[in-house]
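Thanks for coming. I will take the sheet first, then the chain as a whole, then a few single residues.

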Amino acid sequence: MKTILKVENMMCEGCEKRIENAFDNKVKADHKKGEVEILENIDVEEVKEKLEELGFTVK
């Protein structure tokens, strides 16, 4: 099952890379769609918290 989070405030590929690097590429970010897909078995709540810490808003 894919887990995809709707994320606001991603403006460019730099934002995507920042998110992907923060999770050691265990997620895939797409600023055009405003989505972050969790690729590996990571706790969704932890991902949400870390995204918020990075300055992004999770819907």
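Before the strands, a word on terms: two strands pair if DSSP finds at least two bridges between them. Helices (H or I, at least four residues) and strands (E, at least two) are DSSP runs, numbered from the N terminus. What you see is a predicted model, in which local features need pLDDT of at least 70 and side-chain atom pairs count only at pLDDT 80 or more, while totals for chains, interfaces and linings use all residues. Residues are numbered from 1 along each chain as its sequence is written, and side-chain values use heavy atoms, with hydrogens and water left out.

Start with strand β1, residues 3–8, and strand β3, residues 35–38. They pair in the antiparallel sense, over four bridges. Thr-3 has Ile-38 of β3 as its bridge partner, and Leu-5 stands opposite Val-36, also in β3. As background, the strands of a sheet pair through backbone hydrogen bonds, either parallel or antiparallel.

β1 has a second partner. It is joined by two bridges to strand β4, residues 57–58, and the two run antiparallel. Glu-8 stands opposite Thr-57 of β4.

Now β2. This strand pairs with β3 in the antiparallel sense over four bridges, and the bridge partner of Val-27 in β3 is Ile-38. So far Ile-38 has come up twice, as partner of Thr-3 and as partner of Val-27. β2 and β3 make a hairpin with four residues between them, and Gly-34 in the turn has a positive phi of about 70°.

What is the order of the strands in the sheet? It is β2-β3-β1-β4, an open sheet of four strands with antiparallel pairing. The edge strands are β2, residues 27–30, and β4, each of which pairs on one side only.

Next, the whole chain. The protein has two helices and four strands, and from the N terminus the elements run β-α-β-β-α-β. The radius of gyration, taken over C-alpha atoms, is set against a globule rule of 2.2 Å times the number of residues to the power 0.38. For this protein the radius is 10 Å, close to the 10 Å that the rule gives for 59 residues, so it is as compact as a globular protein of that length. Along its principal axes the C-alpha trace spans about 25 × 20 × 15 Å.

On the surface: accessible areas come from the Shrake-Rupley method with a 1.4 Å probe, and for residues only the protein chains shown count as cover. The accessible surface comes to about 4,000 Å², with 44% of that belonging to carbon and sulfur atoms. Buried means under 20% relative accessible area, exposed over 50%, and partly exposed in between (1.4 Å probe, protein chains only). Of the 59 residues, 36% count as buried.

Contact means heavy atoms within 4.5 Å. Among contacts between residues at least 6 apart in sequence, 55% join residues at least 24 apart.

Back to β2, for its two faces. Which of its side chains are buried? Val-27 and Ala-29 are, and they point to one face, while Lys-28 and Asp-30 point to the other and are not buried.

Now single residues, beginning with Val-58 in strand β4. Val-58 counts as buried, at 16% relative accessibility. Val-58 and Val-7 are 51 residues apart in sequence but 4.5 Å apart in space, C-alpha to C-alpha. Not counting residues up to four places away in sequence, Val-58 touches Leu-5, Lys-6, Lys-48, Leu-51 and Glu-52.

Glu-20 is in helix α1, residues 13–22. Is Glu-20 buried or exposed? With 5% relative accessibility, Glu-20 counts as buried. Leaving aside neighbours within four places in sequence, Glu-20 is in contact with Asn-25, Val-27, Lys-28 and Ala-29.

Last, two asparagines. Most residues other than glycine have a negative phi. Asn-9, in the loop between β1 and α1, has a positive phi near 80°. Asn-9 counts as partly exposed, at 37% relative accessibility. Asn-25 sits in the loop between α1 and β2 and has a positive phi of about 60°, although it is not a glycine. Asn-25 is partly exposed as well, with a relative accessible area of 47%. Asn-25 is also one of the contacts of Glu-20.
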